[in-house]
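Here are a few exercises to work through with the model open beside you. Try each one before you read its solution.

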Amino acid sequence: MTPRSIYPSIRSRHAERGAALFIALIVLVILMLGGIAVMRSVNNALTSAGNLAFRRDLINQGELAVAKAIASSFPMGAASEGTTHKSLNYSPIALAASSEGIPKVLLKDTDFDTIGNAANDLTGSSSDVKIRYVVERLCNQANEAASAANCVVFEQPPVGGSSHMSNNAEPEVQPVYRVTVRVSGPRKTQVFIQNTFTKPEATASSAPTGSGG
């Protein structure tokens with residue numbers, strides 16, 4: 001075999017090796033891009049999970065205000081009592097709300113001063129978690145006792161047997177109260193929670209006194 005017949009074969013092998021190297025580089029780049037995408041996806045998932053856990057923790061801390069509101073006694077809606085009680089963060093009527101259903105007094109601190117007292121704010125598990133709340137009686141008349149005509153109410157059927165039935169006892173009417181809580185945490189994070197509950201209205205003598213609005 002003459003040297004001339006060897007040269008084309010050598011050039012062909014060099015060309016094949018060059019093409020294989022080029023393809024390998026392309027595959028390597030694709031794998032690297034895929035790895036970066038997977039890492040970003042994992043990081044985003046971990047960040048989302050962390051944010052969700054953080055917000056859930058703030059919601060759990062907000063339950064402190066819900067428990068405090070439920071344990072409070074609110075005055076009856078008589079003319080002398082059916083006013084805003086700042087000491088209770090309480091309004092005898094439903095408050096103006098945003099499109100999301102959040103009372104506007106919780107969205108602006110200067111508005112909150114008309115309905116509540118900042119001294120009622122609670123501190124969460126750390127000093128940078130602040131909990132503020134308002135309680136509304138879901139009625140449209142401030143100066144009247146709760147009734148089905150002017151409030152959202154829960155009617156408790158009378159109990160006690162035949163004597164109550166014979167006397168045609170009226171069911172006990174309990175107004176529905178709504179407590180809305182704003183929890184402010186680190187990094188300007190805010191969460192809102194709402195809860196409703198019912199309880200008999202307190203008499204003027206048993207209800208705590210508070211400053212009027």
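**Exercise 1.** Work out whether Y177 is buried or exposed, then find its aromatic partners.

*Solution.* Start with accessibility: Y177 comes out at 0%, so it counts as buried (under 20% relative accessible area; exposed is over 50%, partly exposed in between, with a 1.4 Å probe and protein chains only). This is a predicted model, where local features need pLDDT of at least 70, side-chain atom pairs count only at pLDDT 80 or more, and totals for chains, interfaces and linings use all residues. Residues are numbered from 1 along each chain as its sequence is written, and side-chain values use heavy atoms, leaving out hydrogens and water.

Next, look for rings with centres within 6.5 Å (planes under 30 degrees apart are stacked, over 60 edge-to-face, the rest tilted). That gives 2 aromatic pairs. Y90 and Y177 sit 6.4 Å apart with planes at 50 degrees, so they're tilted. Y177 and F197 are stacked, at 5.5 Å and 20 degrees. Put together, Y90, Y177 and F197 make one aromatic cluster.

**Exercise 2.** Find which residues F197 touches, skipping those up to four places away in sequence.

*Solution.* Using heavy atoms within 4.5 Å as contact, you get A69, I70, F74, V135, P175, V176, Y177 and V179.

**Exercise 3.** Locate the disulfide and describe its geometry.

*Solution.* Search for cysteine sulfur atoms within 2.5 Å: C139 and C151 are joined, S to S 1.8 Å. Then check the twist: 110 degrees about the S-S bond makes the link of C139 and C151 right-handed. Finally, both C139 and C151 are buried.

Note on methods. Rings of Phe, Tyr and Trp (its six-membered ring) pair if their centres lie within 6.5 Å; planes under 30 degrees apart count as stacked, over 60 as edge-to-face and the rest as tilted.
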